[in-house]
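Please look over the model shown here. A short report on its metal site, charged pairs and chain contacts comes after it.

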Amino acid sequence: MGSVATAPHNTAGHAHHAEHHHEESFVSKYVFSHDHKMISKQFLITAIIMACVAVMMSVFFRLQLAWPGEGFAITNFFLGDKWAPNGVLDPNMYLGLITIHGTIMVFFVLTGGLSGTFSNLLIPLQVGARDMASGFLNMLSYWFFFVSSVLMLASLYVEGGPASAGWTVYPPLSALPQSIPGSGTGMTLWLVSMALFIASALLGGLNYVVTVLNLRTKGMKMTRMPLTIWAFFVTAVLGILSFPVLLSAALLLLLDRSLGTSFYLSEIHVAGEALDHTGGSPILFQHLFWFLGHPEVYIVLLPALGITSEVIATNSRKPIFGYRAMIGSILAIGFLSFIVWGHHMFITGMNPFLGSVFVFTTLLIAIPSAVKVFNYITTLWRGNLVLSPAMLFSIGLVATFIAGGLTGIILADSALDINVHDTYFVVAHFHIVMGMSAIFGMFAGIYHWFPKMYGKMMNTRLGFAHFWLTFVSAFGVFFPMHFIGLAGAPRRYYSYSEFPMFDGVVDLNVLVTVFAVIGALAQVLFLYNFFYSIFRGPKAVQNPWRGNTLEWTTPVAHMHGNWPGPIPTVHRWPYDYSKPGKAEDFVLQTEPLAEDEHEEHG
Amino acid sequence: MTKLLIILVLVLALLAIAQLARVYELTSRLRGKREEDISPADTRMNANLMYIFLVVYFAFFAWLAWAYKDKMLPVAASEHGVALDELLNFNWLILIIVFIITNVALFWFAGKYAFKEGRKAYYYAHNNKLELVWTVVPALFLAVIIIFGLRVWNDITTPASAEALKVELYAKQFDWTARYPGADGALGATDFRLINDGNPLGIVTRESVAMRLGELKAEIDAMDSTMHHGILPDVKVNELEARIAKLERTSARIVNLRTMMEQDIAEKGEASPYTHGADDVVIKEFHLPLRMEADIMVRSRDVIHSAYLPHMRAQMNAVPGMTTRIKMTPTISTDSMRTVTKNEAFDFILLCNKICGASHYNMQMPLVVESPADYKAWYAEAMKKPFQPSALPLAPAPAVSDSTVVAADTTAAMKVDTTATASLKN
Ligand code: HEM
Ligand SMILES: [Cu+2]
Ligand SMILES: [Cu+2]
């Protein structure tokens, strides 16, 4: 369905290159395409649809949080009488919605959607390859993603409702249908869907890694790669190393659920009955889950940071400041992200010394993150900033990365985490640092590379309105949540009315919901702009943003193999913007170094 | 209805903006302007919005901090809580300074250096000294944060002293139960297979073991006779057989437990945890004496819960199959806190902070902190009703899909309250 929606792209270009290539059938061009550019668009459209679903869900549960127990026609309209009698959200469905919302946002939008779209589009184009290493595996990667998306959505309709143990699906809650109805068929579908998703991520990731390592064009040394490619590359490595661990965690959970094994279960008495399981540990699951789960937040974040690096440099008309330091910090973050997972488990009763080690490693990550922020800011300094929508979203990303990164320091401090763990403070933190940053990076990428994807331009003024509305609502939604959390309000609560102690902050919930609704509506502007521009947008020129990188040397009309002639050779790093002595304020990577010109490399 | 109207207005506003942008696009196309050429007016607008955003952002922060200052958690009511709050404030101090500096730089530069025709950007690719500075300076600040943080963490997590008051908090869907030791000052051992209505915590005593075995036997016998006296469809027979097999397995395990218990008692006598359960107090109330260290054991019957005492700045997961611990010393009594907060109805609250099912949002128990004398009086009263295992048949399992489980559960809770059953573990 995603692929069909993308069908009517640049027909003029198609006619043009049809002269050199055998005519393709509709199916092989738009459905089972092996072409990285088409696959990238398939990922993007699918992710946009999934994002719409997840945002709708957040509106339903935000309405419940702002006006608990009140009925809403819209909730009833979408969820029906079973899950929203008289428009009042059912408590089990509340948990189901937050679970599927979180799962979709983290995995389907910001992992599949972000990496799938931009790694696919940009890796071959920016390293100078004719396509991915394996077009076939790449196609499989999309179709696994597609089927897993369909299964995840289908799980909303099963008896008992979708998985409702939170996106972290901690057993025993996720293992025992007796404990929550969503842990029946809904949970099984969740696990199967995630297994397919992981297969998709692995196929994609292997392809990205191999392509970056083997298919770089002549002259494209690793130290001449754009930071986007560095980010996608490290992201893919993280995925390859961590997703299999989640897969094994999910398989063991499936075994506990269906075959009566006891990996995660021990001494449980539920629904009036002692279970046979003994000897397992629910904590084991948490270790496995977060061994993926923490790298996962960087899998979500790094591509966004890579996109931002590229967009900020191009639109500042300046080299990215500290190119080597930026690569170093990507690598450092990637490595460290594997040894910090315990910071999610400080209050599980873990050995306090082990906790101290995780405090140390986690706070280490703050150093490369800080370096990135300072380097972005220095890149803006004395630039000549083209405030395009992509640039605005990139600046927005830096702002959310600062705000979320700082609260991360509180959460990383095990002692301080005791009192804020699992409160709204955490919800505020991860939405800002991971959710908003990554979404902003994704928007920046879409606005910036839309001309490359569709050969058309998006409307900039709608882009401005979209940015400012989204940016303001993002803070309107997530900033007050810090205060709700500091008042002690736990997350994953259906309602706060049972606790007089939260009466003081419940009015903030109304404020948050109002901003959430405005923010959700603002996305209509984006959807309109995006789809309208695909069909009717003004035609793009070859290099609209006057960028240096190789993708801007390809023809506007898509063609197999990307370059009509030989693949261009690379002669310099990608950030020669406003280089003294050059006539233009940009120098394509394909331009040879002039006589006694010094090559810069940050 | 007003809400629907608001939404309608918002939709119309958005459509209006979209239309305006279209009109603009058409006119600029007529003038031969391209999308990527951002007009000086637009650049100025965005640059100004950057400045405005910076101000509004800080103002919003300041307003929230000011307007909700008194709505945050009141002063910490435990010894470590005070240290924790100090640590938090110290961290905020550093973080807010960094927050202000970086945001001012970001938005100020974003506005100040907005595109101007003819200006050339400064080609500035790197500066090793500068980069070293902003690697080392954050590292130093983080070192300080780590050192202070771990000091407090170590204080909080060292085991409680041997004289500390021992209490157990027991979580299940969707309520809390407390257990206090009897005159022997020690909590008895527990086993989840002994759990029934009369012994909600599964405390192991000779009596509770015998009763549970009897109960299981009666259940098995009843099923046996159903099987032999009725003409049942095959499915039903298979079901019953499976059920009997399961109960027999459970009985066998309990018999093992009995053997272990007897051995342990024979070896250790009074020191055996199996001898400590009979006088335990199982109760739906949670009291702690002021200024006395409490060693709280946290356990769960079914799924993971989390014992969160926000006013005490204490939290610990309750994990089935494991015992976790909270160490704390309350420093403010409930009464004093009522005065401090000027709220006659104030209570310290224990709430569940790990998603655990439909009624997760309402799994709470008040904590009463009182003077040692009051506590002693309360405890003496409670001790009169020690745990009494009984062979009450288990109430039928609540239907899980039923979101009104809470209601059913509170009745069970009240029953325990009045019978004050006892139990035990390690
Ligand atoms: C449209 C804007 C969004 C709103 C209004 C929103 C709101 C919320 C709220 C209120 C919760 C429930 C918190 C709780 O009770 O624990 C939640 C959960 C969550 N959200 Fe969002 N969110 C939005 C976008 C996102 C994005 C972009 C992400 C991507 C990272 C995301 C990821 C999550 C996750 C991982 C959870 C946790 C689910 C769980 O507790 O299992 N959300 N969201
Ligand atoms: Cu983490
Ligand atoms: Cu609970």
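The report below takes the copper site, then the salt bridges, one helix, the interface and two single residues.

## Copper site

This is a predicted model. Three histidines of chain A hold the copper ion (ligand 2): A:His294 through ND1, A:His343 through NE2 and A:His344 through NE2. These donors lie 1.6 to 2.0 Å from the ion. Their spacing in sequence is H-x48-H-H. A:His294 sits in helix α10 (residues 282-316) of chain A, while A:His343 sits in the loop between α11 (323-336) and α12 (352-380) of chain A, so the pair ties together parts that are 49 residues apart in sequence.

Are these two donors buried or exposed? A:His294 has 7% relative accessibility and counts as buried, because the cut-off for buried is under 20%. A:His343, at 12%, also counts as buried.

## Salt bridges

Side chains of opposite charge can pair when their charged atoms come close. The whole structure holds 34 salt bridges over all chains.

One of them joins B:Asp42 to A:Arg461, with 2.7 Å between the closest N and O atoms. This pair crosses between chains. B:Asp42 belongs to helix α2 (residues 40-67) of chain B, and A:Arg461 to helix α16 (residues 460-486) of chain A. B:Asp42 is buried, at 3% relative accessibility. A:Arg461 is partly exposed, with a relative accessible area of 32%.

## A charged network in chain A

Which residues are linked in a network of salt bridges? They are A:Arg572, A:Asp576, A:Lys579, A:Lys582, A:Glu591 and A:Glu597. Within this group, A:Asp576 bridges to A:Arg572, and their closest N and O atoms are 2.7 Å apart. Both A:Asp576 and A:Arg572 are buried.

A:Lys579 and A:Glu597 form a salt bridge as well, at 2.9 Å from N to O. Both residues lie in the segment after α17 (506-536) of chain A, so the pair ties together parts that are 18 residues apart in sequence. A:Lys579 and A:Glu597 are both buried.

## Helix α7 of chain A

Helix α7 of chain A covers residues 135-154, a run of 20 residues. What span should it have at 1.5 Å a residue? The expected value is 28 Å, and the end C-alpha atoms are 29 Å apart, which agrees.

The buried residues of α7(A) include the aromatic side chains A:Tyr142, A:Trp143, A:Phe145 and A:Phe146. Also among them are A:Gly135, A:Asn138, A:Met139, A:Ser141, A:Ser148, A:Ser149 and A:Met152.

## Interface of chains A and B

At this interface, 124 residues of chain B are in contact with 151 residues of chain A. The buried area is about 12,300 Å², and carbon and sulfur atoms give 70% of it. B:Tyr123, B:Trp153 and B:Tyr361 supply 7% of the area that chain B buries against chain A, more than any other three residues.

Five salt bridges are found across the interface. There are also 26 residue pairs in polar contact between chain B and chain A, both partners at pLDDT 80 or more. On the side of chain B that touches chain A, the elements giving two or more residues are helices α1 (2-30), α2, α3 (79-112), α4 (128-157) and α6 (234-268), with strands β6 (305-309), β7 (314-318) and β9 (348-352). The largest share of that side comes from α4(B), with 16 residues.

## Two single residues

A:Phe374 lies in helix α12 of chain A. It is partly exposed, with a relative accessible area of 21%. What does A:Phe374 contact, leaving aside its neighbours within four places in sequence? Its partners are B:Thr102, B:Trp134 and B:Pro138. A:Phe374 and A:Leu392 are 18 residues apart in sequence, and their C-alpha atoms are 18 Å apart in space.

B:Asp155 is in helix α4 of chain B. B:Asp155 is exposed, with a relative accessible area of 56%. B:Glu207 lies 52 residues away along the chain, and 41 Å separates the C-alpha atoms of the two.

Terms used. Residues numbered from 1 in each chain as written. Chains lettered and ligands numbered in written order. Heavy atoms only, no water. Donors = N, O, S within 2.8 Å, 3.2 Å for Na, K, Ca; no water. Helix = DSSP H or I, 4+ residues; strand = E, 2+ residues; numbered from the N terminus. Buried < 20%, exposed > 50% of the residue type's maximum accessible area, 1.4 Å probe, protein only. Salt bridge = Lys/Arg side-chain N within 4 Å of Asp/Glu carboxyl O. Expected span 1.5 Å × (residues − 1). Contact = heavy atoms within 4.5 Å. Buried area = accessible area lost by both parts, 1.4 Å probe. Polar contact = N/O pair within 3.5 Å; in protein donor to acceptor, adjacent residues only side chain to side chain.
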